[in-house]
Amino acid sequence: MLDVDEFGGRVERTELPGGLRVITETMPGVLSATLGIWVGVGSRDESPALGGSSHFLEHLLFKGTRSRTALEIATAMDAVGGEMNAFTAKEHTCYYANVLASDLPLAVELLGDLVTDALNTAPDLESERTVVLEEIAMRDDEPADAVHDLHAETLFGDTPLGRSVLGTVESIESLTRDDVDGWYRERYAVPSIVVSAAGRVDHAQVLDLVTAAFGDRLAGGARPDPLRLGDDVVLTAPARPTGLIHRRTEQTHLLLGSLGMGRLDDRRYAAAVLDAAVGGGMSSRLFQEIREKRGLVYSVGSSLTHYAGTGSFSVYAGCSPKRVPEVLRLVRAELGAVAAEGLTSEEVSRAVGQLKGGLVLGLEDTGSRMSRLGKSELSFGEYLSVHEVLDRLAAVDEEQVRAVAADLLTRPTCLAVVGPYRDRDLDRLLA
């Protein structure tokens with residue numbers, strides 16, 4: 001596949017034997033390159049007993065391979081001034097490196113080694129177990145983070161999407177070396193992997209480097225894994241109406257949300273415009289009404305999340321405990337007004353402009369370009385040029401937004417709260 005994007009560079013895609021996909025974007029005007037190895041496995045694939053395995057494994061792979069120790073891996077990257085890291089999400093895991101273009105061969109070699117030849121020893125697992133438990137504790141100590149995991153649990157319940165990417169203290173403490181290494185051997189298969197690279201890269205060179213790094217694993221006639229359909233989580237309403245973590249905090253952190261739409265839903269562009277106008281910036285309705293006019297909060301805004309087959313729409317706010325009832329009343333009033341009346345033409349136009357500008361400005365570096373390539377392949381099975389996405393946003397009109405608002409903003413909601421509240425208080429908040 002070859003595509004030339006006027007907002008970027010030349011995009012090329014090749015499917016190697018064994019089902020490995022390689023997609024690159026050449027950006028002649030830069031001197032660096034970012035490489036990502038994406039594995040189509042995340043916390044959504046875990047059972048409760050294996051909760052946190054994907055994230056645990058992401059940590060563990062940096063501890064060493066058959067040919068390199070953890071120190072040798074870190075030293076090699078530091079010696080060229082590069083950056084190497086990883087992250088785990090609900091539906092995928094990504095290992096990435098940002099380097100000078102001349103050091104791309106090293107990046108492919110190091111990341112390829114991690115993904116294909118990690119040792120995952122029992123001593124390394126024990127030392128990293130403590131690190132992961134500390135990360136869970138850090139999340140718990142930050143109410144603004146904890147409320148997001150609580151909201152997912154409240155909305156999706158005891159399903160893969162409702163459980164935290166980090167796992168739980170209980171699941172992490174019980175994971176064995178066989179559990180985590182078995183997850184690695186089973187799930188890090190070539191058909192689930194996408195390699196994406198952006199910057200001053202040459203597609204043919206990247207293919208040669210990747211072929212060498214993956215070696216015999218490219219043998220066979222396997223095809224890439226099919227797109228994730230999302231049929232493992234089928235909900236028509238929030239799993240429960242409220243979720244509460246009682247904390248003696250100065251602020252109460254709350255998320256009011258509902259089920260949204262899957263990432264392949266054609267209405268997602270209209271929904272993005274709706275989200276931007278309702279709570280996506282300083283000119284949004286929620287920000288103007290609750291912060292600017294009344295000064296009730298420091299932070300308030302809305303968010304759309306898309307997964308395979310489902311998603312969520314939510315509004316976050318942090319405020320003094322005594323102001324929570326009024327903030328919730330105002331949030332519901334604004335959402336109700338938009339659901340009933342839609343947005344004005346000026347609001348739609350401004351939100352479209354905000355999204356278009358944010359998209360283009362957000363793709364100014366090689367890392368964001370690399371991410372866009374990898375997510376496009378894993379999540380959509382196709383690459384849409386920036387120009388195509390901008391055209392789809394520009395095509396959104398008032399009627400489309402009104403129809404999405406009438407659907408999305410009238411769905412049953414749930415409320416997640418972290419702060420100095422008790423269970424008996426939640427009924428009053430929902431009234």
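What follows is a short look at the overall build of the chain, three helix pairs and two buried residues.

The model is a predicted one, so local features were kept at pLDDT of at least 70 and side-chain atom pairs at pLDDT 80 or more, while totals for chains, interfaces and linings use all residues. Residues are numbered from 1 along each chain as its sequence is written, and side-chain values use heavy atoms, with hydrogens and water left out.

Starting with the whole chain, its secondary structure comes to 16 helices and 12 strands (DSSP runs numbered from the N terminus, with H or I over at least four residues for helices and E over at least two for strands). The radius of gyration is 23 Å, which agrees with the value near 22 Å that a compact globule of 431 residues would have; this radius is taken over C-alpha atoms, and the globule rule is 2.2 Å times the number of residues to the power 0.38. Along its principal axes, the C-alpha trace spans about 60 × 50 × 40 Å. Of the 431 residues, 53% count as buried (under 20% relative accessible area, with exposed being over 50% and partly exposed in between, using a 1.4 Å probe and protein chains only). The accessible surface comes to about 18,300 Å², and 52% of that belongs to carbon and sulfur atoms; the areas come from the Shrake-Rupley method with a 1.4 Å probe, and for residues only the protein chains shown count as cover. As for contacts (heavy atoms within 4.5 Å), 81% of those between residues at least 6 apart in sequence join residues at least 24 apart.

On to the helix pairs. Helix α9 (residues 268–279) takes part in two of the packings described here. Its axis comes within 8 Å of that of helix α12 (residues 345–361), and the two cross at roughly 100°. Axes here are lines fitted to C-alpha atoms, for helices over the stretch in contact, and angles run from 0 to 180 degrees between N-to-C directions. α9 and α12 are therefore roughly perpendicular to each other (65 to 115 degrees; under 35 is roughly parallel, over 145 roughly antiparallel, and the rest oblique). On the α9 side, Ala-272, Val-273, Ala-276 and Ala-277 meet α12 residues including Glu-347, Val-348 and Leu-355. By class, that contact has 8 nonpolar, 1 polar and 1 charged residues (Ala, Val, Leu, Ile, Met, Phe, Trp, Tyr, Cys and Pro are nonpolar, Asp, Glu, Lys and Arg charged, and the others, Gly among them, polar).

With helix α15 (residues 398–408), α9 packs at an angle of about 80°, the axes being 9 Å apart. Ala-270, Ala-271, Val-273 and Leu-274 of α9 touch Gln-400, Val-401, Val-404, Ala-405 and Leu-408 of α15, a set with 8 nonpolar, 1 polar and no charged residues.

Helices α1 (residues 53–60) and α7 (residues 177–187) have axes that come within 10 Å and cross at roughly 90°. Ser-53, Ser-54, Leu-57 and Leu-60 of α1 make this contact with Val-180, Trp-183 and Tyr-184 of α7.

Finally, two single residues. Val-338 sits in helix α11 (residues 324–341) and, at 1% relative accessibility, counts as buried. Beyond its neighbours within four places in sequence, Val-338 contacts Leu-274, Val-278, Arg-285, Leu-343, Ala-405 and Leu-409. Thr-252 belongs to strand β9 (residues 252–259) and is buried too, at 0% relative accessibility. With the same sequence neighbours set aside, the contacts of Thr-252 include Ala-317, Cys-319, Val-417 and Tyr-421.
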